[in-house]
Amino acid sequence: MNLLILAAILLVMAVAGFVVARILMKNMGLRRGNALMIIGLSDSGKTCLFYKLKDGKVARTQTSVKENYGKFVPKLIQGMEKEIEVVDIPGHSRVRQQLMNQYLPITKKIIYVLDASDFNASTNAEFLYDILTNRKLIDQYKPASLTIICNKADIAFYVKNHMKRELEKELTTIHNTKKHQHQSIDEDATTAPYPLMESKEFSFESWSTFRNIPINFEFCSVTKENDETFIKVMETVVSDL
């Protein structure tokens, strides 16, 4: 009897050790890197932001289906000597999700670039929904922070609160539609996107509090040669990368 009890105790200890080891390995794998990810719809100014941060000046860019990746000391930020890691994800729907999932595990901060001069709440909300419900973003030991840059704000006819409200309305509609779709199919709970919200209406503030992921809205111009607001925003974003 004593041998049986001892064997049972050893078995329980072995199982417990295995479970703890798996948890530790999982958490180690979920630890985040220090990269900056730049995302957004095509022609919103992402690649321009990438090169302006890198070289300190506005560059002519073209639409691409391949990411821009680099490690460099940003010339835009005066006095900064530390090298940072930056990836610019194409806005094309065919490739962005795959590349975003590939780079999220090493990402510490995300910049979503939105064209304020040609604002489309529906298409931007669809992209933001994919980000805000992404398991690779939320299931991290230290989730990435998100900054939404409303680019070309100097020529925009929309005010900040209006754009924000329109995005929140669209995200509420998308959530309700997707919720019914997910309920109608048998999805793997480990790969299905997280619910966007628990309340009746979505707001960026409530999502940020619920997920413990900071979100900031900024109005500035990436393409303007000397936009002090843009420079200050970038200084804040890269300060602790």
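**Exercise 1.** Determine how many bridges join strand E1 to strand E4, and in which sense the two run.

*Solution.* Strands are DSSP runs of E with at least two residues, and helices are runs of H or I with at least four, numbered from the N terminus. Two strands pair if DSSP finds at least two bridges between them. E1 (residues 35-40) is joined to E4 (residues 107-115) by 6 bridges, and the strands run parallel. E1 also pairs with E3 (residues 84-88) in the parallel sense, over 3 bridges. Leu-36 stands opposite Lys-109 in E4 and opposite Val-86 in E3.

The model is predicted: local features need pLDDT of at least 70, side-chain atom pairs count only at pLDDT 80 or more, and totals for chains, interfaces and linings use all residues. Residues are numbered from 1 along each chain as its sequence is written, and side-chain values use heavy atoms, leaving out hydrogens and water.

**Exercise 2.** Establish whether the faces of E1 are covered or open.

*Solution.* Buried means under 20% relative accessible area, exposed over 50%, and partly exposed in between (1.4 Å probe, protein chains only). In a regular strand the side chains alternate between the two faces of the sheet. Ala-35, Met-37 and Ile-39 are buried on one side, and Leu-36, Ile-38 and Gly-40 on the other. Since 6 of the 6 residues are buried, E1 is largely enclosed by the rest of the structure.

**Exercise 3.** Identify which residues of helix H8 (residues 228-238) are buried.

*Solution.* Phe-230, Ile-231, Val-233, Met-234, Val-237 and Val-238 are buried. They cover an arc of only 160° (directions from the helix axis to the C-beta atoms), which puts them on the same side of H8. On the other side, Glu-228, Lys-232 and Thr-236 are exposed.
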